[in-house]
Amino acid sequence: MKPAARIVGLLAALALLAGCQQPQSEPAATTPASTAALTPAAKREQRLTTGTISDPKTFNPIMVTDSASGVALGDIFEGLVRLNPKTTEVEPLLAERWEYNGDGTVCTFHLRRDVRWHDGRPFTARDVVFTFKTIFDERVPNSTKHVLTIDGKPLKVEQVDDHTVRFVLPQPFAPLLNSIGSEIIPEHILGEALAKSTFAQQWGIDTPPEKLVGTGPYRMTQYVAAQYIRFRRNPDYWKRDEQGQVLPYLEEQTLLIVPNQDTLYLKFLAGQTDIHYPRPEEIGDLQAKSQQLAFAVNEIGIDTGTLFVTFNRNPRHYEAGGKRNPRLHWFTDQHFLQAIAHAIDKKSMILNCFNGYGVPAVADISPENKLFHNPNLKDREYSLDQARRLLAEGGYTDRNGDGVIEDREGTPLEFSLYTNSGNQVREKMCSILKEDWTKLGMKVNYRPLEFTALVETLEHTLDWDAILIGFTGGVEPHNGANLLRSSGNLHLWNPNQPKPGTEWERTIDELVERGARELDVEKRRQLYWQIEEILHRELPMIQTVRERRFNAVRNYVQNYDQHVWGLYRPERISIAQ
Amino acid sequence: MGAYLARRLAHMVPLLLGITFLSFLVISLAPGDFFSTLKMNPSIRPETIAELQRQFGYGDPLLVRYVKWLWRALHLDLGISVAYRVNVADLIGARVLNTVILAVTSMTFTWSLAIPIGIMVALRPESLTDRVLSFLAFFGMSLPNFFLAFLLMFAALQTGWFPIGGSTSLDYDNLSAGGKLLDRLNHLVLPVIVLGTSGMASLMRLMRANILEMQRADFLLTARAKGLPERVVVLKHILRNALNPFVTLAGYELGNLLGGAALVEAVMNLQGLGTLMLDAVRSIDTYLVMASVLIGSLLLLLGNLAADLALTLVDPRIDFRRLEAGR
């Protein structure tokens, strides 16, 4: 017995030792990035490493529907114009300048003459015409075509000469500039695919990166699924800095794909990435470590989306067997809705869900949308007493002493509150909502649902009472038309109405139409301000809170000027020596 | 043996049909589809989603879609992933090697440690070593994998000894062949420890129990009475018999190769099948899920068959002629 045991024991000990020994034998074999971060004396390469949470789904810029692909392709392709994330205005990119004709139905773009595709071919108006021809092709599913279809008619894109393109609109269309930033694609590479109707399959993620030809400051050199994407600067990029030096400054960029937020954070702390977008719970820790690890934590702005509670006001849902469910009355009753709006504890939400890094939301358009956010709206203060008073005025009181309030007909106020499960912020917010609403005497059944199931409920079965849900926001308010219009499919509280069911919805419909046609920015802003006022008054979407966003940037990274809408002049980012 | 093999393989056909059809049914019955997520994006129009659905053949009834899928699968075409819009086979191919390396390494790690330790403690039951190792084993078993993964990565951050996630370094392409191997191994150490320790406890306890039970067997009494040296008793009589159930277990392990490491892959940022499949299920990427079901069940069935065949080598009592005659 003994010798066998000894051998086995020895083997086990060796195995354990091997496990411990290995690291000591090669501590220097860790990634070069981490050593670079720790030894400032070494000469740093012009190389930036960032992290992202998911793989790109396509390399075809026209077919992108997810943000990860957008991130991967952002530096390879360029549009006619781009958003200035500082001012939220549109600035020239491939188009040098543009002008409208008198009635705003023709917009002429003058293209840069010094732009070449990555393969050396000159970029011309033909490519622009081809790009929009592709977008409007019925075999190419994409959203841009529907955005640019105005009153059922597509806009026409015509070539005037090699460097001039004319957009002819059926009627004036204000969102045009914000909507034609679509990446321009090369006709000489993709033309054949469109003709053969294989365009939708072109440039999938299995395409060798060197085949992707754009005009942008970088070329993709390598993509290893679930690991990283590498970019190398385009030496022939057209843009120069004030000293005449060719941009971009960075030689190389690496985008690490790390599917887990915690790992992403550890990687930043270990010096394996240069930039980190912290979650609220990481911000305090980061600030404490910033001195020691030589990075800065900056606030980049307020979340651009909207996170709100909405009640089902769809009459079709409540009318069964000739009887009308009393809930429809509550959910359209201003007493009830106002009471709910007063019973949203935004302070607790900010503290519990965002570690204090948040702001109360008042308008559906984020304050970061400087042009269109209405700053004049007054938030309803959090007051359960006020809410109780409003409920009592509306006839909602506890008539039988069971602790649950009833409406005038004696129906107890009981309803279900949905959100998508797995989203911790929303789940916490729902528990705060439920607690306060229960204090008001309502019976709230909290039902988290898997996202796909929730979407089905909203779209098809319509079998829900209240929901906490969020939308991402863009600069162009017309892109939210699907939500604002009573006929829209995302008009959650009562979608796809054949004609507006209420007076205020009719008004919003009109304002949305006028907003799309009004070319005067100041007048246009007034229209959207009016919409925000109506939404604030009628409470179809009861606003909650918005997160304040931060980034952490290593001290040696220069010109990393970030805003919630994106990076300002990203081609100027460089690494200090 | 040939006839036995043929019969076993033939049995797999209805099983695989059943498994795949049921899976297809379940995926299709789940509320929503891949495009549900897009529907909540205000800048994506419903018309676009309808176009995409048409392009991916979502209009067909369930049975038609299944038969179409089956027909293509029989021609080794696993379809196109809705999320990635490339062939499912390409997606899987890009990741399968990593998962296999991880699974095989951690299995080797587990087995080569658990079996000797199991034997060692069984030969001296209730000793201090037994108690300490059993405690550690249970500790390892009860610690959730993802948590241990974080602990180890945190340790890696503090010490700088190991990379934090990933399967290769960024400068992997510039390394020499030996450097590449070392780099890979260095990236494997932590995940292998995480995955290895989780299975270690049960294997070790199984070994221990098997041997303890065997100790009381009559044939050991005979062997010892014959005056065989203890070494021979342990190695020839006890071990050979105690290993029997492990062969069956190894067959099952083959089936677990695909999905078992998903959480660790996600936490440690490994380019494996597990995370791909997890995402596929969550986003209802039908053909990708079907491919994983198909490959997973094939591996399980083949693993069991291999285990049964291997058992005949370990256990002389199993005989094909008798098996074939028995049916």
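**A tour of charged pairs and a nonpolar patch**

At 33% relative accessibility, A:Glu251 is partly exposed. Select this residue to begin; the model around it is predicted. Now add A:Arg232, which makes a salt bridge with A:Glu251, with 3.3 Å between the closest N and O atoms. The two belong to distant parts of the chain, 19 residues apart: A:Arg232 is in strand β11 (residues 228–233), while A:Glu251 is in the loop between β11 and β12 (252–257). A:Arg232 is also partly exposed, with a relative accessible area of 37%.

Next, go to helix α14 (residues 384–393) of chain A and select A:Asp385 and A:Arg388, which are three residues apart and therefore separated by about one helical turn. Their side chains form a salt bridge of 3.2 Å, N to O. A:Asp385 is exposed at 51%, whereas A:Arg388 is partly exposed at 35%.

Move to A:Glu459, in helix α16 (residues 451–461) of chain A. Is this residue buried or exposed? A:Glu459 is buried, yet has no salt bridge. The nearest side chain of opposite charge belongs to B:Lys39, 4.3 Å away. A salt bridge requires a distance within 4 Å, so this pair does not count as one. Leaving out residues up to four places away in sequence, A:Glu459 touches A:Asn489 and B:Lys39.

Finish in chain B, which has a mean pLDDT of 83. Select B:Leu128, B:Val132, B:Phe135, B:Leu136 and B:Phe139: together they form a nonpolar surface patch with about 550 Å² of accessible area. B:Leu128 lies in helix α6 (residues 128–142) and is exposed, at 66% relative accessible area.

Conventions
Residues numbered from 1 in each chain as written. Chains lettered and ligands numbered in written order. Predicted model: local features only at pLDDT ≥ 70, side-chain atom pairs only at ≥ 80, totals over all residues. Heavy atoms only, no water. Patch = residues over 30% accessible without salt bridge, like charges linked within 9 Å, V, L, I, M, F, W, Y side chains within 5 Å. Areas by Shrake-Rupley, 256 points an atom, 1.4 Å probe, with all protein chains shown as cover. Helix = DSSP H or I, 4+ residues; strand = E, 2+ residues; numbered from the N terminus. Buried < 20%, exposed > 50% of the residue type's maximum accessible area, 1.4 Å probe, protein only. pLDDT = per-residue confidence, 0-100. Lys, Arg positive; Asp, Glu negative; His and termini not counted. Contact = heavy atoms within 4.5 Å.
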